[in-house]
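Trainee: I should like to learn how to read the features of a model such as this one. May we go through them in turn?

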Amino acid sequence: MHHAPRRFLALLLLLIITFGSNTALAAQQAPLPPPPFASTRPDNSNWSDDAVCYEIFVRSFADSDGDGIGDFQGLTDRLDYVSDGDPATQTDLGATCIWLMPIMEAASYHGYDVTDYYSVEQDYGTLDDFRAFLDAAHARGIRVILDLVLNHTSSQHPWFQEALRDPASAYREWYIFEPEDPAYPGPWGAEAWHTSPVSDEYYYGVFWEGMPDLNYRNPAVTAEARRISAFWLNEMGADGFRLDAIKHLIEEGRVQENTPATHQWLREYRAWLDRNAPDAVTIGEIFGASTFLLNEYYPDQLNLYFHFEIGQQIVSAANYGTAGGLMTITAETIEELPDQRWAPFLSNHDQPRTMTTLGGDVQEAKLAATALLTMPGLPFVYYGEEIGMTGTKPDERLRTPMQWDATPGGGFTTGTPWEPLQDDAGTVTVAAQEDNRASLLNHYRRLIHLHTTHPALSHGSFVPLETISGSVAAYLRQADGETILVILNTGKAVAKAVTLSANGSFPPGDLILTPLLTHGGPLSVTVAIDGQITLPPF
């Protein structure tokens, strides 16, 4: 059962630290020891090191022509909301990266069953419309990564239709057929072998019959995947890919995920990208993988991988007031995976929206946002999360139109939305939060701008600090001569007499703490001889 809303702000001291006059000399004489979980900018650094990415479903973001379906023109018109290109302003989110859910021509509304890898979804516009959007995004300093679905195609794709009907076709070996039913299920127990609609045989599709898997043991399929990649990166100008369902790429009998053959394919794909599109960033979806499984994908496969567990622990900490699990999984990840090459998020297009999970508690949503945007990794924010949009299964209800204002179409469209808006669309809107400094939207704006402008937050080391309270999480982020202390109160009440153990991070003496996120002047605290710091109530 969800607990009662908190009476107190459940965050917060986000502080930049400078030494007071009493400790400056001591700091010079006794430099700070290296952090226990050091992570500096790696040799293979790229633009993603300092980025914050914003996930957008084009169909639901902004409709320019009144047909009820979002499109590239509408997205272009709303780009200043994502970033206006001026780091001095904070009337935009300040995101420096956009992840577009599938935009290629597909059989279904969601786009994950592609029918043509070289065209865009006609509901969204044309290739020229996409180029215009991309140019406008780049002019604002926004990188754009595309959802690339390589594991499977639609059953309506011409390749598969020809393979079904012509056993002599070259496309026959692009898919996986068997004359007898192998009869084993997919990795989550669902049917994986499907009866051909035109002959007495079976084909493999790990997700469902409408998505037959491609056969990457065939070199021709790999060559085509590279042609598709080169088209979108080099001809169209995209900045990278989110690779859908990539752990399922190559099966080895009944082993249908994370196989050695998949790892080897990804190594060769990464090497090919390094030669042909060296600035491209690739992010893998390895759903259900623990930190210890993710490390099998490092260091020579994709650039980053989504880290589902960290996001789950952030939301859990905000929901239930327990910080230990979050600190544990983050420390383990820092130790296991190099150079912060992972991407946390609170929710995405497949999961209940964060505000639904949190029962509508805005303070808890602020806490979750603070953790997401101050912890290591490349953070992703799902569109509408920043205003507290709600949504739960079925999937269409997780992907409802963006709620810009309280007009009948939500500011998304002048027509009838492709999917009805949420029940709270009249009150939970961008317009309602725009000028309210205390709103969730403006909290996200401040956090994203802090993340992208402070190296300590974007790619600094992570040093967990011990506390005497199970509801308080505290850690340091350090980079380029900057130290930021983050303290999160996940509890239901004001945290009083909280003591931190500095773990040798600071010499004894006074510290001057300058708030970055909250109002107020500098705060002085004392580091005791034993390294303990006692904080004022918050």
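Trainee: Where do Arg227 and Glu224 lie, and how is their contact to be read?

Mentor: Helices (H or I, at least four residues) and strands (E, at least two) are DSSP runs, numbered from the N terminus. Arg227 and Glu224 are both in helix α7 (residues 219-235), three residues apart, about one turn of the helix. A salt bridge is a side-chain nitrogen of Lys or Arg within 4 Å of a carboxyl oxygen of Asp or Glu. Between Arg227 and Glu224 the closest N and O atoms are 2.7 Å apart. This is a predicted model, in which local features need pLDDT of at least 70 and side-chain atom pairs count only at pLDDT 80 or more, while totals for chains, interfaces and linings use all residues. Residues are numbered from 1 along each chain as its sequence is written, and side-chain values use heavy atoms, with hydrogens and water left out.

Trainee: Is Glu224 buried or exposed?

Mentor: Buried means under 20% relative accessible area, exposed over 50%, and partly exposed in between (1.4 Å probe, protein chains only). Glu224 is buried because its relative accessible area is 10%, whereas Arg227, with 45%, is partly exposed.

Trainee: How many salt bridges does the structure hold?

Mentor: The structure holds 18 salt bridges. One of them joins Lys393 to Asp395 at 2.6 Å, N to O; Lys393 is partly exposed at 46%, and Asp395 is partly exposed at 24%. Salt bridges with shared partners also link Asp147, Arg242, Asp244 and Glu285 into one network. Within this network, the closest N and O atoms of Arg242 and Asp244 are 2.9 Å apart, and both of these residues are buried.

Trainee: Which cysteines form a disulfide?

Mentor: In general, a disulfide is a covalent bond between the sulfur atoms of two cysteines. The criterion here is a pair of cysteine sulfur atoms within 2.5 Å. The structure holds one disulfide, formed by Cys53 and Cys97 with their sulfur atoms 2.2 Å apart. The link of Cys53 and Cys97 is right-handed, with 90° about the S-S bond. Cys53 lies in strand β2 (residues 53-56) and Cys97 in strand β3 (residues 97-100), so the pair ties together parts that are 44 residues apart in sequence.

Trainee: How accessible are Cys53 and Cys97?

Mentor: Cys53 is buried, with a relative accessible area of 1%. Cys97 also counts as buried, at 0%.
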